[in-house]
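Visitor: Could you take me through one part of this model in detail? I'd like the surroundings of the ligands, and then whatever else helps place them.

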Amino acid sequence: MSVLFTPQSIGKVNIKNRFVQSATYEACAEKNGKVSDAILARYEKLAKGGVGLIIPGYLYVHPKGKPHRFGTGIHNDEMIPGLKKLTDVVHQHQGKIFFQLNHAGRQTTKALVGQTPMGPSKKWRDPIHFFLPNEMSEDEILETIKAFGQAAGRSAEAGADGIQLHGAHGFLINQFISPFFNHRKDKWGGSAENQFRYVKEVVLETRKHLPESMPLTIKLSTNDFTPKPGITLELAAKYSQWLAELGIDGIEVSCGSAVFSFMNMCRGKVPVAELVKSLPKWQRPIGKMVMAKLEGKYDLEELYNLDAAKLIKPNINGVPLMLVGGIRTVSKMEETVQSGFADFISMSRPFIREPNLVNRIKAKKIDIVSCVSCNRCLAAVANDIPVKCYNENFPK
Ligand SMILES: Cc1cc2nc3c(=O)[nH]c(=O)nc-3n(C[C@H](O)[C@H](O)[C@H](O)COP(=O)(O)O)c2cc1C
Ligand code: SF4
């Protein structure tokens with residue numbers, strides 16, 4: 001039997017195979033953040049398709065940390081019944097489900113959160129909306145940490161099997177641990193130890209709200225690819241070691257930031273026309289010029305985060321590692337798990353196109369996934385259009 005179909009545990013939770021649906025924002029929650037029927041239908045299909053672990057799109061833990069218009073929330077108790085339906089639908093098909101908890105920090109808009117977005121430091125204008133974020137006060141920092149903890153408690157109530165903290169792609173946790181975003185001079189910034197403090201406090205607070213049986217994992221950016229130095233592979237390796245020492249149960253290795261380096265996060269083609277549509281009309285001509293310059297520079301390299309996994313895995317004391325980023329060929333998936341540098345193969349875009357991918361791999365019907373990394377699904381969610389494979393045609 002292929003190693004891909006052997007079970008593996010994350011903490012005390014047994015996953016039936018080595019496939020993970022990496023968190024994928026669906027752009028179809030209800031406006032107030034509740035789980036919609038479209039979300040339930042999406043995850044029923046995926047669970048039926050055989051994927052061992054499903055991580056739905058990020059759940060915002062606080063109204064001021066809402067990243068997108070149609071994102072799902074876990075910021076108050078009213079969200080719990082819908083989230084419970086979501087875990088039920090996955091469990092009915094023998095899948096496991098972890099919730100990804102997120103606070104957008106500066107990576108959102110005033111229109112969505114009702115105030116200038118906040119981050120660790122008032123440095124670097126947002127390259128799309130041009131605002132300078134508000135520097136968070138001590139009270140605001142503590143409020144967000146508390147919100148992560150409360151959201152963890154709600155996850156347990158809603159029947160999630162585990163948690164994934166979103167420490168990647170330029171959101172709030174990533175902002176604190178990155179020297180690009182964090183220029184604070186107090187105990188939350190400066191040295192690597194101080195920059196790590198925020199995620200450490202989130203881990204400790206979250207743990208308090210989880211039953212002992214529930215694993216706590218993190219998705220980590222291992223390279224920010226920001227215009228000035230941010231997280232590097234070496235720093236990510238150090239952080240991973242510290243997270244392992246803190247007792248984290250799993251690390252998903254990713255890269256890039258959604259505003260400053262989105263094409264590093266999702267390598268492949270640059271869908272210029274579709275992305276430009278998401279900008280205000282006055283910005284489109286300049287947006288088109290900027291994005292056209294990116295074309296051809298980010299072609300998909302298979303397993304583009306493998307080097308990071310190779311550096312991190314030997315130093316995390318056996319903590320399971322999920323590898324995401326451009327994994328497309330079945331033989332390479334097998335090699336990667338066999339090599340021991342990753343325990344799980346995590347994918348996003350391939351599951352958007354083929355929800356039944358894992359069953360087809362098991363039946364030996366395919367050698368390579370059919371997603372061609374055109375990134376039109378990514379452009380769709382940037383336009384508030386529900387996630388789907390739009391390779392053949394993009395909504396007018
Ligand atoms: C439409 C779309 C939505 C995404 N939403 C999220 C998200 O909610 N949380 C997250 O951590 N990553 C998100 N990502 C990034 C993916 O999880 C993944 O890290 C990235 O797409 C690279 O993996 P892939 O090559 O298998 O697609 C999203 C990607 C896409 C294409
Ligand atoms: S639109 Fe379809 S083919 Fe293109 S990247 Fe998304 S899933 Fe893959």
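Guide: Here is a walk from the two ligand shells out to the loops, the core and a helix pair. A word on conventions: this is a predicted model, where local features need pLDDT of at least 70, side-chain atom pairs count only at pLDDT 80 or more, and totals for chains, interfaces and linings use all residues. Residues are numbered from 1 along each chain as its sequence is written, while chains are lettered from A and ligands numbered from 1 in the order in which they are written.

Let's start with ligand 1, which has 26 residues around it, the closest being Ser22, Ala23, Tyr25, Ser348 and Arg349; a residue counts as near when its C-beta atom, placed from the backbone, lies within 6 Å of the molecule. Strand 3 (19–24), helix 13 (349–353) and helix 15 (376–382) are the elements giving two or more residues to that shell. Those elements are DSSP runs numbered from the N terminus, with helices being H or I of at least four residues and strands E of at least two. By class, the shell around ligand 1 holds 14 nonpolar, 10 polar and two charged residues. For that split, Ala, Val, Leu, Ile, Met, Phe, Trp, Tyr, Cys and Pro are nonpolar, Asp, Glu, Lys and Arg are charged, and the others, Gly among them, are polar.

Ligand 2 has 13 residues around it, and the nearest are Cys371, Cys374, Cys377, Cys389 and Asn391. Helix 13 and helix 15 each give two or more residues to this shell, with helix 13 supplying the largest share, three residues. The shell around ligand 2 divides into seven nonpolar, three polar and three charged residues.

Now the loops. Ala27 sits between strand 3 and helix 1 (37–48), and its phi is positive, near 55°, though the residue is not glycine. Most residues other than glycine have a negative phi. Ala27 counts as buried because it has 22 C-beta neighbours inside 10 Å; the cut-offs are 20 or more other C-beta atoms within 10 Å for buried, 12 or fewer for exposed, and partly exposed in between, with C-beta atoms placed from the backbone. Asn317, in the loop between helix 11 (306–312) and strand 13 (321–324), also has a positive phi of about 55°. Asn317 is exposed, because 8 other C-beta atoms lie within 10 Å.

Ile366 is in the loop between helix 14 (357–362) and helix 15. Leaving aside residues up to four places away in sequence, Ile366 touches Val330, Arg360 and Ile361; contact here means C-beta atoms, placed from the backbone, within 7 Å. Ile366 has 13 other C-beta atoms within 10 Å, so it is partly exposed.

On to the core: the largest nonpolar one has 110 residues, and Leu101, Leu323 and Ile345 have the most contacts inside it. Such a core is a set of buried Ala, Val, Leu, Ile, Met, Phe, Trp, Tyr and Cys residues joined through C-beta atoms within 7 Å. Beyond four places in sequence, the residues Leu323 touches include Val253, Leu306 and Ile345.

Last, a helix pair: the axes of helix 4 (residues 138–157) and helix 6 (residues 192–208) come within 8 Å and cross at roughly 35°. Axes are lines fitted to C-alpha atoms, for helices over the stretch in contact, with angles from 0 to 180 degrees between N-to-C directions. Their contact has four nonpolar, two polar and four charged residues.

Methods: Two residues are in contact if their C-beta atoms, placed from the backbone, lie within 7 Å.
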